[in-house]
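Biologist: Got a minute to go through this fold with me? I'd like to start with the rings and then work out to the helices.

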Amino acid sequence: MTFSEAEKAAITSIWAKIAGHTDDIGAEALERLFLSYPQTKTYFSHFDLSHDSRDLHNHGGKVVNAIGNAAQHLDDIDHALSALSDLHAQKLRVDPGNFRLLSHSIQVTLAVHFPKEFNAVAQAAWDKFLAVVSSVLVSKYR
């Protein structure tokens, strides 16, 4: 999938605002995911899922940093996320539907933190971008 120059600009602009706050944004997005879709907690039974926990910050940071890696490689997301795709397909086996739910939680979190910047154009670009990221992450499932 290709992104227009306007979509690329919207994605990278929001990413620049997230970059210094990956753990916090990630933790908040995961907390929203777990509160809104409690069935997604099943993959994290070994985590402390309480508000503001170290586990939420650590894993949330990993998730958001992976998204940042993809945002920095918009013309080759497949390659940028190849190792992570292998991990999800071969070891983690996360329900592919959960990526759509997480994408929604991330977008809500971005809208809360960056209400002026996360306008309709940015939201559409991020929705498309996160759909591509999700697609890549489940592309190697059998």
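Modeller: Sure, ground rule first: rings of Phe, Tyr and Trp, the last by its six-membered ring, pair if their centres lie within 6.5 Å. Keep in mind that this is a predicted model. By that rule the count comes to 4 aromatic pairs.

Biologist: Which residues do ring pairs link into a cluster?

Modeller: One pair to look at is Phe3 with Phe129, at 6.3 Å centre to centre, and both of these residues are buried. Ring pairs bring in one further residue, and the cluster is Phe3, Trp126 and Phe129.

Biologist: Is the Phe3 and Phe129 pair stacked or edge-to-face?

Modeller: Planes over 60 degrees apart count as edge-to-face. Here the angle between the planes is 65°. So by that cut-off the Phe3 and Phe129 pair is edge-to-face.

Biologist: How many residues apart in sequence are the parts this pair ties together?

Modeller: Phe3 sits in the segment before α1, while Phe129 belongs to helix α7, so the pair bridges two separate parts of the chain. Their spacing in sequence is 126 residues.

Biologist: Which helix gives the largest share of the largest nonpolar core?

Modeller: That core has 41 residues, and Ile11, Ile18, Ile77, Leu110, Trp126 and Phe129 have the most contacts inside it. α1, α2, α3, α6 and α7 each supply at least two of its residues. The largest share is 9 residues, and it comes from α7.

Biologist: How many charged residues does the contact of α3 with α7 have?

Modeller: On the α3 side you have Ile67, Ala70 and Ala71, meeting Trp126, Phe129, Leu130 and Val133 of α7. Leaving aside neighbours within four places in sequence, Phe129 is in contact with Ile67, Ala70 and Ala71, among others. By class the contact of α3 with α7 has 7 nonpolar residues and no polar ones, and the charged count is also none.

Biologist: What about α2 and α3: how do they lie relative to each other?

Modeller: Their axes come within 7 Å and cross at roughly 105°. That makes α2 and α3 roughly perpendicular.

Biologist: And how many polar residues does that contact have?

Modeller: Leu30 and Phe34 are among the α2 residues there, and Leu56 and His57 are among those from α3. The contact of α2 with α3 has 6 nonpolar and 3 charged residues, and the polar count is 7.

Biologist: Last one: which residue other than glycine has a positive phi near 65°?

Modeller: Look in the loop between α2 and α3. The residue with that phi is Asp52.

Technical notes. Residues numbered from 1 in each chain as written. Predicted model: local features only at pLDDT ≥ 70, side-chain atom pairs only at ≥ 80, totals over all residues. Heavy atoms only, no water. Contact = heavy atoms within 4.5 Å. Helix = DSSP H or I, 4+ residues; strand = E, 2+ residues; numbered from the N terminus. Nonpolar A, V, L, I, M, F, W, Y, C, P; charged D, E, K, R; others polar. Core = buried A, V, L, I, M, F, W, Y, C linked by side-chain atoms within 4.5 Å. Buried < 20%, exposed > 50% of the residue type's maximum accessible area, 1.4 Å probe, protein only. Phe/Tyr/Trp six-rings, centres within 6.5 Å; stacked < 30°, edge-to-face > 60°. Axes fitted to C-alpha atoms, helices over the stretch in contact; angles between N-to-C directions. Parallel < 35°, antiparallel > 145°, perpendicular 65-115°, else oblique.
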